[in-house]
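Thanks for coming, everyone. I'll keep this brief. Have the sequence and the structure open while I talk.

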Amino acid sequence: MQLSTAHHDERLTAPRSWWGIAVMTGLAGALMLLPLGTLPLLAGLVGGTALAGLVVSSYGSARVRVVNGALAAGDARIPVSALGEPEILDAEEARAWRTYKADTRAYMLMRSYVPTAVRIEVTDPADPTPYVYVSTREPQALVSALRAARG
């Protein structure tokens with residue numbers, strides 16, 4: 001039996017403005033160390049920028065994939081056989097499911113800077129998770145990949 005290849009592969013990268021904030025953090029570190037001399041100033045610039053860049057990069061490295069009959073969203077790997085019908089959420093509905101409609105038992109891969117999402121009911125009776133919420137910039141492609149993996 002041949003394993004299927006990825007039907008959907010998306011990286012939820014942080015917006016460009018966050019990288020600008022990382023550079024500004026490095027500049028702030030440099031300015032704090034300015035009274036100590038040039039070498040500490042450069043160390044603050046490089047170290048502060050690198051540290052802030054590492055934080056932005058790690059937060060923005062979330063991946064959403066449908067591969068080998070499973071949904072891989074962040075750290076979760078869920079077989080599509082344990083999932084119900086996916087629902088595309090527009091920006092307003094996605095915000096509602098992130099806030100007042102949210103269930104604390106749900107698995108949520110949220111990125112506030114991604115306006116759209118997909119919500120999928122978990123149909124496995126042994127799993128207490130009611131649904132999976134996944135931020136995605138390509139909701140139609142994710143839903144199509146989930147349906148193709150199920151079929």
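**Strands, a helix and two residues**

Let's start with S7 and strand S8, residues 131-135: five bridges join the two, and they run antiparallel. One pair to find on screen is Val118, which stands opposite Val134 in S8. Keep in mind that this is a predicted model.

Now the other partner. Strand S5, residues 83-89, is joined to S7 by five bridges, again antiparallel. Here Glu87 stands opposite Arg119 in S7.

Is S7 itself enclosed or open to the outside? Strand S7 covers residues 117-122, and five of its six residues are buried, so the rest of the structure largely encloses it.

Follow the chain out of S7. The loop between S7 and S8 holds Asp124. Asp124 is partly exposed, because its relative accessibility is 32%, and the window for that class runs from 20% to 50%. What does its side chain reach? The side chain of Asp124 comes to 3.1 Å from the backbone nitrogen of Ala126. From Asp124 to Leu142 is 18 residues in sequence, and 20 Å in space, C-alpha to C-alpha.

Next, the other sheet on my list. Four strands make an open sheet, in the order S1-S2-S3-S4, with antiparallel pairing. Its edges are S1 and strand S4, residues 76-79, each of which pairs on one side only. From one strand to the next, the twist averages 10°. Take strand S3, residues 70-73: four bridges join it to S4, running antiparallel. There, Ala72 stands opposite Arg77 in S4.

What lies across this sheet? Helix H4, residues 139-150, lies across S1, S2 and S3. Strand S2 is residues 62-67, and H4 runs at about 35° to S2.

Last stop, His8. Strand S1, residues 8-12, contains His8. Buried or exposed? His8 has a relative accessible area of 4%, so it counts as buried; the cut-off is under 20%. Its side chain makes a polar contact with the side chain of Glu10, at 3.2 Å.

And which residues does His8 touch further along the chain? Setting aside neighbours within four places in sequence, His8 is in contact with Val64, Arg65 and Val66, and with Thr136, Glu138, Ala141, Leu142 and Ala145. Val64, Arg65 and Val66 fall in S2, while Ala141, Leu142 and Ala145 fall in H4. Leu142 you have met already, as the far end of that 20 Å span from Asp124.

That's my tour. Questions, please.

Technical notes:
Residues are numbered from 1 along each chain as its sequence is written. This is a predicted model: local features need pLDDT of at least 70, side-chain atom pairs count only at pLDDT 80 or more; totals for chains, interfaces and linings use all residues. Side-chain values use heavy atoms; hydrogens and water are left out. Buried means under 20% relative accessible area, exposed over 50%, partly exposed in between (1.4 Å probe, protein chains only). A polar contact is a pair of N or O atoms within 3.5 Å; within protein, one must be able to donate a hydrogen and the other to accept it, and residues adjacent in sequence count only if both atoms are side-chain atoms. Contact means heavy atoms within 4.5 Å. Two strands pair if DSSP finds at least two bridges between them. Axes are lines fitted to C-alpha atoms, for helices over the stretch in contact, and angles run from 0 to 180 degrees between N-to-C directions.
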